[in-house]
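Visitor: Could you take me slowly through one part of this structure, the salt bridges, and tell me which side chains meet in them and how exposed they are?

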Amino acid sequence: MRASDLISIFPDARLVGDKDFVIKGVGAAATAAPDSVCFIEAEKYLEGFRKSASRAWIISPTIFDLLDQKIKDERIFFVTEKPYNSFVKLVNHMFPAKNIKPGIHPTAFVDATAYVAPTAQIHAHVSVEAG
C-alpha cells in the first residue's frame, strides 16, 4: 500500500513526505525494514528513531517539531496527536484478527489439570501440558 492510502486508516494524521512511498509492513524501530512503519511519541526514543532503517513514521507533532529539516526530507511522516493509537489501527488493518472458533480439536491433547479459557481455540495436534 502507498503512504497516501494510510490516511484512510487514521484520517486525523497529516502526511508529510512522499505520498507514493510503498509500505510493506510495521515494526519496532530497532528491527524495522526501510519499508516498514514505526511510531514514536516520546522524546526519549529519538535515538532509536535516528538509528532505525525505517523510512515511515507515525509521530507526534511535538516530536516532529524537534527534527531537523534533513531528517524531515529523508523520511515519511504521519503526524498525529496519538501515534500509538494510529499504529495499533495500522497493525489491525494489516493483520486482521482471524475468526476464532472456541473449542478443542479432537486430535489435541489437553492435560486434565490445565486451564483452558472457554473462549480459547486449541488446534489439531496441539499439546497443552499441566499447569
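Guide: What follows is a walk through the salt bridges, one pair after another. This is a predicted model, in which local features need pLDDT of at least 70 and side-chain atom pairs count only at pLDDT 80 or more, while totals for chains, interfaces and linings use all residues. Residues are numbered from 1 along each chain as its sequence is written, and side-chain values use heavy atoms, with hydrogens and water left out.

Side chains of opposite charge can pair when their charged atoms come close. The structure holds three salt bridges, a salt bridge being a side-chain nitrogen of Lys or Arg within 4 Å of a carboxyl oxygen of Asp or Glu.

One of them joins Lys19 to Asp20, with 4.0 Å between the closest N and O atoms. Asp20 counts as partly exposed, because its relative accessibility is 40% (buried means under 20% relative accessible area, exposed over 50%, and partly exposed in between, with a 1.4 Å probe and protein chains only).

In helix α1, which spans residues 46–51, Glu47 and Lys51 are four residues apart, so about one helical turn separates them (helices, H or I, are DSSP runs of at least four residues, numbered from the N terminus). Their side chains meet in a salt bridge at 2.8 Å, N to O, and both Glu47 and Lys51 are exposed.

Helix α3, residues 69–74, holds Lys70 and Glu74, again four residues apart, about one turn of the helix. The salt bridge between the side chains of Glu74 and Lys70 is 2.7 Å from N to O. Lys70 is exposed, because its relative accessible area is 57%, whereas Glu74, at 37% relative accessibility, counts as partly exposed.

Note on methods. Helix = DSSP H or I, 4+ residues; strand = E, 2+ residues; numbered from the N terminus.
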